[in-house]
Amino acid sequence: MLIDPAGRKFSYLRLSITDVCNFKCVYCLPDGYQCDHDREFLSLNEISNTISAFAHHGITKLRITGGEPTLRKDFIDVIRVAKDTPGITKIAATTNGFSMHKHINNWVDAGLNAINVSIDTLDPRMFNTITGHDKFNTVMKGIDAALESGIESVKINSVLMKQYNGQELDTFLAYLKDRPVTMRFIELMQTNDNKAFFDKNHVSGQSIKARLRAAGWQPVIRSITDGPAQEFYHPDYQGRIGLIMPYSNDFCNTCNRLRVSSLGKLHLCLFSEQGISLREYMNENSNQALIDQLSRYIKTKKPTHLLHQGETGVTTNLSMLGG
């Protein structure tokens, strides 16, 4: 198993398969996708070898991310490759949901276990303002289709922003009353290109946590492959709440995930100083060299990010690695 110098064990890989996105979210790509590199994204064979190498090291959970991963024509083939990899027991994806209502059943049949959908507001007009697209009803239709598909887990990701959705907690809670989904509130994170926006819009997840606990929400016991969210349940609600708070003091203590970019770089942290290229090892006849490199590089993982000091590493925007 991959174990870093802090003794943290890694069971979760977030694999980006493209950095292209068709939405223009105000906190990520306000000017839309701007390609500043050769779009030579990982091939299906490279993806297969990468998943296999990580599975050799005890990775059991894979999340397929972007950009918007479903823009790749072979997205369903990526799911099938993951399903066919020994050791991988959970296959998840994060999407903006624009095509989910059409394809979710096919994705589930291919092996997808869990889906996270980015919806930052339940107000259609605000949705248009945040994403640059009038797709609210389409995305919500996709959520309903996912719930009907029999998929194991449906989660909604919402980035907290003071000037946009800062007053919508009660609306989200009402939505969860009768729907078995997890609503995950994510603290806005500073990146290289959004400091002014961050300063105006950052909302502490701790304030939301205090409101939930006061209203009777109780913490859910974490499993070994859970991501960074602190989850809460309430006996009167079918849905759950998750809080992702990267600015909390103990956020990095439970880190269990690694990231590979769509260009084949290993990122030991979302806010690491640089990505480590693995691509030269991804197409060899044997995966041994790639396996060996993972053993080597995990020993260089730092104990914590430096977001508290305003250091965001190489993360220009979140579409680079899918969060």
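**Note on strand 4 and its surroundings**

1. In strand 4, K61, R63 and T65 point one way while L62 and I64 point the other way, and all of them are buried (under 20% relative accessible area with a 1.4 Å probe, protein chains only). In a regular strand the side chains alternate between the two faces of the sheet. Strand 4 covers residues 61–65, and 5 of its 5 residues are buried; strands here are DSSP runs of E with at least two residues, and helices are runs of H or I with at least four, numbered from the N terminus.

2. This is a predicted model, in which local features need pLDDT of at least 70 and side-chain atom pairs count only at pLDDT 80 or more, whereas totals for chains, interfaces and linings use all residues. Residues are numbered from 1 along each chain as its sequence is written, and side-chain values use heavy atoms, with hydrogens and water left out.

3. Strand 4 runs parallel to strand 3 (residues 12–16), to which 5 bridges join it, and L13 stands opposite L62; two strands pair if DSSP finds at least two bridges between them. Strand 4 also runs parallel to strand 5 (residues 90–95), through 4 bridges, with R63 opposite A92. From strand 4 the chain crosses through helix 2 (residues 75–83) to strand 5 in a right-handed β-α-β crossover, meaning that, with the strands pointing away from the viewer, the path from the first strand over the helix to the second runs clockwise.

4. For the chain as a whole, the secondary structure comes to 9 helices and 14 strands, and 56% of the 323 residues count as buried.

Notes:
Buried means under 20% relative accessible area, exposed over 50%, partly exposed in between (1.4 Å probe, protein chains only).
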